[in-house]
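Let's take a relaxed walk through a protein model, one piece at a time. Keep the 3D view open and turn it as you read.

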Amino acid sequence: MSTTPTVPDTSAAPAPEWRRLSPRTLLVHCGWLGAPLGSLALTALATGGRITTGAWFTLAGIAAAFALMTAAGLIRWARTDFRVTGETLDVRSGLLTRRLRSVPLHRIRTVDLTASPLHRLLGVTVLRAGTAGSGPAAGELSLEALPVAEGERLRAELLARADTGAAAEDPVLARISWRWLRYAPLTFWVIGGVFAAGGSAYRALHEMGIEPWKLGFVWRAFAEFGNGMLWLTVPAALLAVIALGSVGAVALYVENWWGYRLEWSDAGTLRVRRGLLTTRSVTIERARLRGVVLREPLLLRAGGGATVRAVAGGLGSAEENRKRSGLLPPAPRREAVRVAGGTLRTPFPDPGPGPASPSHRAPARATTNLTLHQDLGHIRLTPHPRAALRRRRVRGLLYGVLPGTALAAGLGVAFTPVLLRVAWIYAVVSAPVVWWLARDAYRSLGHGIAGAHLVVRAGTFSRDTVALRRDAVGAWTFTTSPFTRRAGLVTLTAAVAAGEEAYRVRDVAAGAAPGFAAAVTPGILDEFLVRPERGGGPASST
């Protein structure tokens, strides 16, 4: 009996169709009209409805720019399309010069859906896909103004090929709790936000031809402030700034973290959703998650709070990384430690809110014993030599106390003896503050190894505890200066292709630094270390 051989079907599968962006992209591009038209309207109100010749020229310029940008946007929309094949995400764009960007799906690490108030009004969203690599241009591909439903489907398509393991037993790590609002005023925006808003308002009024200092109510306010008793008016003004800043900080907190939800998806990717007016949904592939940062700014630390940020690749430039790496808003420190541990899928190596070691009197020459005492997730970090404390005190006096004192004294000699009193008052008040800050910065210093993670803690204005995967460290840099060499200190820099890309272990004892770096990443420094032939002393750097 004869059989007919089966001929395999070699016909190629039809290529996926190219898809177009939403036509509402054109309306999104017109959003820039709000600022100049608003300025013209405010100018008309401020001048009683009289529009000057210059304003008419401005309006004509806006109309011409609108026509040009609308035409350019129409061409860009008509000549931009995309598709998802079995292996790549392809985007075509350009009029005279056509450009095709093709990104393999297995290189896509994060997918971010962002919608400003105008996007939400029009029912569209912006999709940004972060890819492997740390280059600012090569690390992101964006599609503007996709319909929301299509954006969600496209994100699912792009992440379908992620091989990141199973999701956690409890996929939801954290949800918003409005009791955390009490931590909103303990941020920079309480005071800095007021001055930033004031500067923006001044710039906007100045561009409209209005000088704020020449307005009558501003003159009267300054006159009454100067004629009053300064020991009452100055504290009252400070309280007013703090109250106004607190209201703004709470409003900003609500806008940024409304609907906050942190969870592991079914594909094993970490997803953060948040935002009231501008919504944001960031997805981080587990394989690109290199660690976490437990951040405790000075005011927030005083209130017992902290935030958590991810150290991950594919989050874009430094500015985009700052916006997209946030995992937890200002919250109780215990909650931050729990979320950090859930992100790492292992208990977070928390040194606790106190100093790096129960004894602050570290020896001048640190030992090479790298064993960490770990109990219920708490570890004891290796403290740094006392020379690190002296360096912080000297730098604080040189950069914090001396310049202000010298400036006030110099002006006092040149103009009025009153400033001489200001100089010594400033020195007497600032010196203890700088002394305390230097000691706090030294108490925060610590480093060590906790299982698969390198743990580094440092900072006083913002004390950061960084837990990095040891296998993510690609290189070490040893940095010294004439002053640190004399003090027997060295700064280690761990290079990581994620986050800030460089994490420093500052002012480590020079004799212990090579051994610590070699213990964190075995094999990287072996050829640079000289082992003693006999005896058990520490390795030394060649």
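What follows is a short tour of two sheets, a pair of helices and a few single residues.

## The whole chain

Before zooming in, remember that this is a predicted model. The chain has 15 helices and 24 strands, so take your time finding your way around. Of its 542 residues, 41% count as buried.

How do the contacts spread along the sequence? Take the contacts between residues at least 6 apart in sequence: 59% of them join residues at least 24 apart.

## A sheet of six strands

Let's start with a sheet. Strands in a sheet pair through backbone hydrogen bonds, and they can do it in a parallel or an antiparallel way. Here, six strands make an open sheet, and reading across it you get the order 14-13-12-19-18-17, with antiparallel pairing. At the edges sit strand 14 (326-332) and strand 17 (446-450), and each of these pairs on one side only. Going from one strand to the next, the twist averages 15 degrees.

Now look at some of the pairings. Strand 12 (residues 289-297) is joined to strand 13 by six bridges, running antiparallel, and Arg295 stands opposite Thr307 of strand 13. Strand 13 also pairs antiparallel with strand 14, this time over four bridges; there, Val308 has Leu328 in strand 14 as its bridge partner. Elsewhere in the sheet, strand 18 (residues 453-458) and strand 19 (residues 462-469) are antiparallel too, with six bridges between them. In that pair, Ala458 faces Asp464 of strand 19.

## Strand 13 under cover

How many residues of strand 13 are buried? For strand 13 (residues 305-312), the count is eight of eight, so the strand is mostly covered. Try colouring the side chains by direction: Gly305, Thr307, Arg309 and Val311 point one way, while Ala306, Val308, Ala310 and Ala312 point the other way, and all are buried.

## Two helices side by side

Next, find helix 12 (residues 386-414), which holds Thr405. Two packed helices are described by the angle between their axes and by the distance between those axes. For helix 12 and helix 13 (residues 418-444), the angle is about 165 degrees and the axes are 8 Å apart. Angles over 145 degrees count as roughly antiparallel, and helix 12 and helix 13 are therefore roughly antiparallel to each other. Helix 12 passes helix 13 in a right-handed crossing.

Zoom in on Thr405 for a moment. Is Thr405 buried or exposed? Its relative accessible area is 18%, and buried means under 20%, so Thr405 is buried. The Thr405 side chain reaches the backbone oxygen of Val401 at 2.8 Å. Leaving aside residues up to four places away in sequence, Thr405 touches Ala423, Tyr426 and Ala427.

## A sheet of three strands

There's another open sheet to visit, made of three strands in the order 20-21-22, again with antiparallel pairing. Its edge strands are strand 20 (473-479) and strand 22 (502-509), each pairing on one side only. On average, neighbouring strands in this sheet are turned by 20 degrees against each other, ignoring direction.

Strand 21 (residues 489-496) and strand 22 pair antiparallel over six bridges, with Leu492 standing opposite Val505 in strand 22. Helix 12 turns up again here: it packs on the sheet, touching strand 21 and strand 22, and its direction makes about 110 degrees with that of strand 22. Helix 15 (residues 513-520) lies across strand 20, strand 21 and strand 22, and runs at about 175 degrees to strand 20.

## Two residues with a positive phi

Most residues other than glycine have a negative phi. Ala145 has a positive one, near 60 degrees. You'll find Ala145 in strand 7 (residues 140-147). With 1% relative accessibility, Ala145 counts as buried.

Glu501 also isn't a glycine, and its phi is positive at about 70 degrees. Where is Glu501? It lies in the loop between strand 21 and strand 22. Partly exposed covers the range between 20% and 50%, so Glu501, at 39% relative accessibility, counts as partly exposed.

Technical notes
Residues numbered from 1 in each chain as written. Predicted model: local features only at pLDDT ≥ 70, side-chain atom pairs only at ≥ 80, totals over all residues. Heavy atoms only, no water. Pairing = 2+ DSSP bridges. Axes fitted to C-alpha atoms, helices over the stretch in contact; angles between N-to-C directions. Buried < 20%, exposed > 50% of the residue type's maximum accessible area, 1.4 Å probe, protein only. Polar contact = N/O pair within 3.5 Å; in protein donor to acceptor, adjacent residues only side chain to side chain. Contact = heavy atoms within 4.5 Å. Parallel < 35°, antiparallel > 145°, perpendicular 65-115°, else oblique. Left-handed = near helix turned anticlockwise from the far one by under 90°.
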